[in-house]
Amino acid sequence: MTTTVPDQALSQPTARGSEWWRSAVIYQIYPRSFADGNGDGIGDLPGITAHLDDLARLGVDAVWLSPFMTSPQKDAGYDVADYCDVDPLFGTLADFDEMLAAAHARGIRLIVDLVPNHSSDRHAWFREALAAAPGGAERARYLFRGGRGAHGELPPNNWQSVFGGPAWTRVTEPDGTPGQWYLHLFDASQPDFDWTNAEVRAEFRRILRFWLDRGVDGFRVDVAHGLMKKDGLPDYLPSAKDGSTGGDTGAVPYWGQPEVHDIYREWHDVLAAYDGDRALCAEAWMPSIAETALWVRPGEMNQAFNFGYLMSPWDAAALHDVIDESLHEYGAVGAPSTWVLSNHDVIRHASRLALTADSPQGEGIGPNSPGRPDPVLGLRRARAATTLMLALPGSAYLYQGEELGLPEAIDIPDAARQDPTWFRTNGERYGRDGCRVPLPWVANAPAYGFNITGASWLPQPIEWARLARDVESADPASTLNLYHRLLAERRDRGLGTGALAWVDGYGPDVVAFRNGNVTVAANLGDAPVPVPAGRVILASGPLHEGGIPVDTTVWVATD
Ligand code: GLC
Ligand code: CA
């Protein structure tokens, strides 16, 4: 085997010592589906606090908490009505403080989700805007415009909502006449802020400080590529395949405008005034990794989700290239790469990696989708993919339930669906409910131990009994125990702060590299390949005499 010595960029990303976010394993909690403390069928903050020991045992370094702020829940909390309070559905600020203290007591850091692109239409500012006359300061915090056409009856431009349908809604003025339109890149209940407005900027600095003062370790920033819109709001239509959260190549007038970075330089300084290494992580769906790396230049954010990696097909050459490109592009700006395979917006990777037809992110899969993924193949690939990911230098994000090997829930009845995508496309796109189903904790308990009443805001598939945490805890070969071992070895061997060197010679269907004293080989071909020399410390599935089976990853130690 030949080892390619990494260049400077490859060995840089995790080099700068104590900055925890450079190498952290960060576990995403989607609060409404994690654990339900009061039995109303929706997960809550006390539910999280009660299960922090499970996360500590799993060995995660930090938690990213999806939105729990006051919200009418039109987009599961990504429609915020009060940025500085907890929605009663999830608990109280006191519950939050208790949860944060309990996490810190276990050495788990907490980053919270911040949604700055838009508020809820129930936000006090938007209510004031609707009640005020056009042209006033109240409307200037959002993007109100007059319509086109003789009577303003047409939207100001042709932009489409990420969730489907037009990105503009017309308001009725206080005097009862049809009036201006407001922009919403997402649901009509999510009006976009005007980020050229100084009041908006000051308000968000205040919101950052509110949570930093409470002790949070940072923020995951929602739609971090969308805040600034091109002057004049010129017409733009994405191609059909880019209709969802994804960007598009070329100049999209609402994604990735250069001025957006000024906002994060401001925020960087807000965080820098606090002790203890607080971090900003960007959700920026940009068309290339090089463009995404602009968010993590010095003086801006610390991390950006690696959606290029998430979207990579299960193909050795594609994975090799996206890993290489990630380490180079993030390394070039002095940032760590991040790695992620699942989140609350995409098809769970235990299903996605076995899809036969293209299923773009955000579309979802449901009862009538073509190419229903094979669950056995999907889980085998998911385990192999995660075993590869957790050996990479940098920070890795896990999405709740992937440690159980949960697949996408496909057979959700139409009447139970809640994603605005489903409604705004009249059921054409299933949307994201299938990755948001409440977790199974205990096989023989109501709602699989999600709560004690059996209520669940989305129905849990019956096959999930065998994926419940208690069942998997007791099974040494379970996905849960694989994750436990992966995280323990990753930590003990310092892989998150390591450096990658490619190992050649296994053929085109194998991804192989060294990180410290570990050699990793993932077999994506259709025949077994030899196990690298050394002592096998981990494998994503059973090994055969013939070597590493198809869709399997091994870690081999050379110490
Ligand atoms: C982000 C969130 C997604 C949400 C959207 C609008 O993409 O991850 O869940 O619907 O922003 O806030
Ligand atoms: Ca609850």
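Which residues coordinate the calcium ion (ligand 2)? I would like to start there this morning, and I should say at once that what you see above is a predicted model, so every value I mention was computed from it.

The calcium ion (ligand 2) is held by Asp36, Asp40 and Asp44 through their OD atoms, by Asn38 through OD1, and by Ile42 through O, with distances that run from 2.2 to 2.4 Å. If you follow these donors along the chain, you will find that they keep the spacing D-x1-N-x1-D-x1-I-x1-D. Two of the aspartates are worth looking at for their surroundings: Asp44 counts as buried because its relative accessibility is 3%, which is under the 20% cut-off, whereas Asp40, at 38%, lies between the limits of 20% and 50% and therefore counts as partly exposed.

Let me now step back to the whole protein chain. Its secondary structure comes to 15 helices and 19 strands, and along the principal axes its C-alpha trace spans about 80 × 55 × 50 Å. How does the radius of gyration fit with a compact globule? For 559 residues a compact globule would have a value near 24 Å, and because the protein chain has 23 Å, the two agree.

Other numbers fill in this picture. Of the 559 residues in the protein chain, 60% are buried, and among the contacts with a separation of 6 or more, 69% are between residues that stand 24 or more positions apart. The accessible surface of the protein chain comes to about 20000 Å², and carbon and sulfur atoms account for 53% of that surface. As for the charges, the protein chain has 45 positive and 73 negative ones, yet the mean positions of these two groups are 1 Å apart.

I will finish with a detail of the backbone, at Ala447 and Tyr448. Ala447 sits in the loop between helix H13, residues 420-424, and helix H14, residues 469-473, and Tyr448 is also placed in the loop between H13 and H14. What is phi in Ala447? The angle is near 45°, which is a positive value in a residue other than glycine, and for Tyr448 phi is near 50°, again positive in a residue that is not glycine. Are these loop residues buried or exposed? Ala447 has a relative accessible area of 12%, and since this is under 20% the residue counts as buried; Tyr448, with a relative accessible area of 12%, is buried by that cut-off as well.

Definitions and conventions
Residues numbered from 1 in each chain as written. Chains lettered and ligands numbered in written order. Predicted model: local features only at pLDDT ≥ 70, side-chain atom pairs only at ≥ 80, totals over all residues. Heavy atoms only, no water. Helix = DSSP H or I, 4+ residues; strand = E, 2+ residues; numbered from the N terminus. Rg over C-alpha atoms; globule rule 2.2 N^0.38 Å. Buried < 20%, exposed > 50% of the residue type's maximum accessible area, 1.4 Å probe, protein only. Contact = heavy atoms within 4.5 Å. Areas by Shrake-Rupley, 256 points an atom, 1.4 Å probe, with all protein chains shown as cover. Lys, Arg positive; Asp, Glu negative; His and termini not counted. Charge placed at Lys NZ, Arg CZ, Asp CG, Glu CD. Donors = N, O, S within 2.8 Å, 3.2 Å for Na, K, Ca; no water.
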